Amino acid sequence: MLKRMFDATVSLVALIGLFPIILLTALLIRVKLGSPVIFKQQRPGLMAKPFNVFKFRTMTDERDESGELLSDKVRLTSFGKFIRKLSLDELPQLWNVFRGDMSFVGPRPLLMEYLPLYNEHQARRHEVRPGITGWAQVNGRNAISWEQKFDYDVWYVDNQSFWLDIKILFMTVLKVFKSEGINQTGQATMTKFTGTPSASDRGKERIK
């Protein structure tokens, strides 16, 4: 209850206080990247229940001759990289927090298509509301493997507390200023999760 009260109160204050920055960011995106300014996508929330997450757009809609979107690396502009570096693309998620879809702190909401790929351990990340930031984000963000991320997420589920949330929020501010872990090495964004091989599968690969 304390966590939800904190989320609702602080998100409302942040939406009001940061409104000039939110408005300026939206206007710049409209000029630099066009419409739509807000990127909306369905993601799994608490107990994997779907909700629409909101983010500021950071990529173009460039497509190839067959109409397929080009790679993230091509569509992510220098302006988009700047928005991501300052985490300004996450500002619309304050509305998700205010509505109760998300919390300030929790496992990041990922793609719906990942749900059937999680093993039993990894699926536990949905036992809490997803967050704008989380234990995985302050311990490597996109610079660590998917398996490491999920281990951090489940650790948070088992150890969550109000004071741990405060610690993570403080660490997040430092990470934003240092611009650490924004991209996976050699990638414009994080590569897609394709599932974690079982111990037996990994053994077979070593034999090969």
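For sorting the residues in these legends, Ala, Val, Leu, Ile, Met, Phe, Trp, Tyr, Cys and Pro go in as nonpolar, Asp, Glu, Lys and Arg as charged, and the others, Gly among them, as polar. The views all come from a predicted model.

**View 1. The largest cavity, with about 50 Å³ of space inside.** Search the whole structure and you get 2 cavities of 30 Å³ or more; here is the largest. Its lining is made up of Lys 3, Phe 6, Asp 7, Ser 103, Phe 104, Val 105, Phe 162, Asp 165 and Ile 166. Three elements each chip in at least two of the lining residues: helix H1 (2-17), strand E3 (103-105) and helix H7 (162-178). Sorted by class, that wall has 5 nonpolar, 3 charged and 1 polar residues.

**View 2. The second largest cavity, at about 40 Å³.** Around this one sit Pro 44 and Gly 45, then Pro 107, Arg 108 and Pro 109, and finally Arg 125, His 126, Val 128, Arg 129 and Pro 130. The class tally for the lining is 5 nonpolar, 3 charged and 2 polar.

**View 3. Tyr 118 on Phe 193, one of the 12 aromatic pairs in the structure.** With ring centres 5.9 Å apart and planes at 25°, this pair counts as stacked, because the cut-off for stacking is under 30 degrees. Tyr 118 belongs to the loop between E3 and strand E4 (131-133), while Phe 193 belongs to the loop between H7 and helix H8 (199-207), so the contact ties together parts 75 residues apart in sequence. Tyr 118 is buried, at 9% relative accessibility. Phe 193 is buried too, with a relative accessible area of 4%.

**View 4. Phe 193 again, this time edge-to-face with Phe 150.** The two rings are 5.0 Å centre to centre, with 85° between their planes. Phe 150 comes from helix H6 (residues 146-159) and Phe 193 from the loop between H7 and H8, so this pair links distant parts of the chain, 43 residues apart. As for Phe 150, its relative accessible area is 1%, which means it counts as buried, the limit being under 20%.

**View 5. The aromatic cluster, plus a lysine over one ring.** Step back from the single pairs and you see Tyr 114, Tyr 118, Trp 146, Phe 150 and Phe 193 linked by ring pairs into a cluster. At Trp 146, the charged end of Lys 149 sits over the ring, 4.7 Å from its centre.

Technical notes. Residues numbered from 1 in each chain as written. Predicted model: local features only at pLDDT ≥ 70, side-chain atom pairs only at ≥ 80, totals over all residues. Heavy atoms only, no water. 1 Å grid on protein atoms, 1.4 Å probe; cavity = no way out; pocket = protein on both sides within 12 Å on 5 of 7 lines; lining within 4 Å. Points joined across faces, edges and corners; volume = space filled by probe spheres on them. Helix = DSSP H or I, 4+ residues; strand = E, 2+ residues; numbered from the N terminus. Phe/Tyr/Trp six-rings, centres within 6.5 Å; stacked < 30°, edge-to-face > 60°. Buried < 20%, exposed > 50% of the residue type's maximum accessible area, 1.4 Å probe, protein only. Lys NZ or Arg CZ within 6 Å of the ring centre and 35° of its normal.
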